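Q: Please choose one part of this model and look at it closely with me, following its contacts outward step by step. I am in my first year, so please explain each term when it first appears.

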Amino acid sequence: MGYTVLTPGEQSFAAPSWRPDDAREIVEVPLAAKLEHSRCHLWRYPARAKGRRHFQTVQEEVFLVVEGEIVMTLGDERSEHTLPERSIVVLEPRTQIHIRNDTDADAVFFAYGAPADRGAEIFDD
């Protein structure tokens with residue numbers, strides 16, 4: 001089949017398969033759709049959740065805030081951006097990023113990256 005459609009009823013949020021104890025939840029789109037050259041996920045950050053500061057070594061990334069508000073700290077200078085719904089952020093490879101939800105409500109964002117390389121450098125903060 002040349003396409004995949006995932007309606008809301010077909011999407012299930014769960015802890016990431018690679019970090020099953022994580023408080024953040026994700027719809028792992030590659031588990032349902034054949035993606036050979038890119039990857040994408042729908043993330044749900046509960047209130048006060050945060051990810052790990054990192055950068056992708058070769059992957060370009062695009063983020064779209066779907067619900068709520070997130071804070072992204074970007075670049076070597078750690079520039080902080082508060083992003084409401086419908087905000088879009090585009091990152092070049094090797095751009096540091098740290099995502100967090102500073103609110104008391106869930107936040108949902110879509111993350112897309114290409115090429116489908118999993119190489120990342122993680123920073124301990």
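A: Asp102 has a relative accessible area of 35% and is therefore partly exposed, a class that lies between buried (under 20% relative accessible area) and exposed (over 50%), judged with a 1.4 Å probe and protein chains only. The structure is a predicted model, in which local features need pLDDT of at least 70 and side-chain atom pairs count only at pLDDT 80 or more, while totals for chains, interfaces and linings use all residues. Residues are numbered from 1 along each chain as its sequence is written, and side-chain values use heavy atoms, with hydrogens and water left out.

The side chain of Asp102 meets that of Arg100 in a salt bridge with an N to O distance of 2.9 Å; the term requires a side-chain nitrogen of Lys or Arg within 4 Å of a carboxyl oxygen of Asp or Glu. Arg100 has a relative accessible area of 16%, so this partner is buried. Elsewhere, salt bridges with shared partners join Arg19, Asp22 and Arg24 into one network. Within that network, Asp22 reaches Arg19 with the closest N and O atoms 3.5 Å apart, and it reaches Arg24 with the corresponding atoms 2.6 Å apart. Arg19 is partly exposed because its relative accessibility is 27%, whereas Asp22 and Arg24 are both buried.

Returning to Arg100, we find this residue in β8, where it is the bridge partner of Val71. Strands here are DSSP runs marked E of at least two residues, numbered from the N terminus, and two of them count as paired if DSSP finds at least two bridges between them. Strand β8 (residues 97-100) is antiparallel to β5, with four bridges between them. On β5 itself (residues 70-74), five of the five residues are buried, and so the strand is largely enclosed by the rest of the structure. Side chains in a regular strand alternate between the two faces of the sheet. In β5, Ile70, Met72 and Leu74 point one way, while Val71 and Thr73 point the other way.

Another antiparallel partner of β5 is strand β6 (residues 79-83), and this pairing runs over five bridges. Val71 stands opposite Thr82 in β6, and Leu74 has Ser79 as its bridge partner in that strand. The hairpin of β5 and β6 has four residues between the strands, and Gly75 there takes a positive phi near 80°.

Aromatic side chains offer another way to trace contacts. The whole structure contains six aromatic pairs, meaning rings of Phe, Tyr or Trp (its six-membered ring) with centres within 6.5 Å, called stacked when the planes are under 30 degrees apart, edge-to-face when over 60, and tilted for the rest. Trp18 and Trp43 have ring centres 6.2 Å apart and planes at 75°, so they make an edge-to-face pair. Since Trp18 lies in the segment before β1 and Trp43 in strand β2 (residues 39-45), this pair ties together parts that are 25 residues apart in sequence. Trp18 is partly exposed at 42% relative accessible area, but Trp43 is buried at 10%. Phe63 and Phe109 form a tilted pair, with 6.1 Å between centres and 55° between planes. This pair connects strand β4, which holds Phe63, with strand β9, which holds Phe109, across 46 residues, and both rings belong to buried residues. Ring pairs also link Trp18, Trp43, Tyr45, Phe63 and Phe109 into a cluster.

The strands β4 and β9 are themselves joined, running antiparallel with seven bridges between them, and Glu61 stands opposite Gly113 of β9. They take part in an open sheet of five strands, ordered β1-β2-β9-β4-β7 with antiparallel pairing. Its edge strands, β1 (25-28) and β7, each pair on one side only.

Val62, Leu64, Val66, Ile88, Val90 and Tyr112 form a nonpolar surface patch with about 500 Å² of accessible area together. Patch residues have over 30% relative accessible area and no salt bridge, with nonpolar side chains (Val, Leu, Ile, Met, Phe, Trp, Tyr) joined within 5 Å and like charges within 9 Å; the areas come from the Shrake-Rupley method with a 1.4 Å probe, and for residues only the protein chains shown count as cover. Strand β4 gives the most to this patch, with three residues. Val66 is found in β4 and counts as partly exposed because its relative accessibility is 36%.
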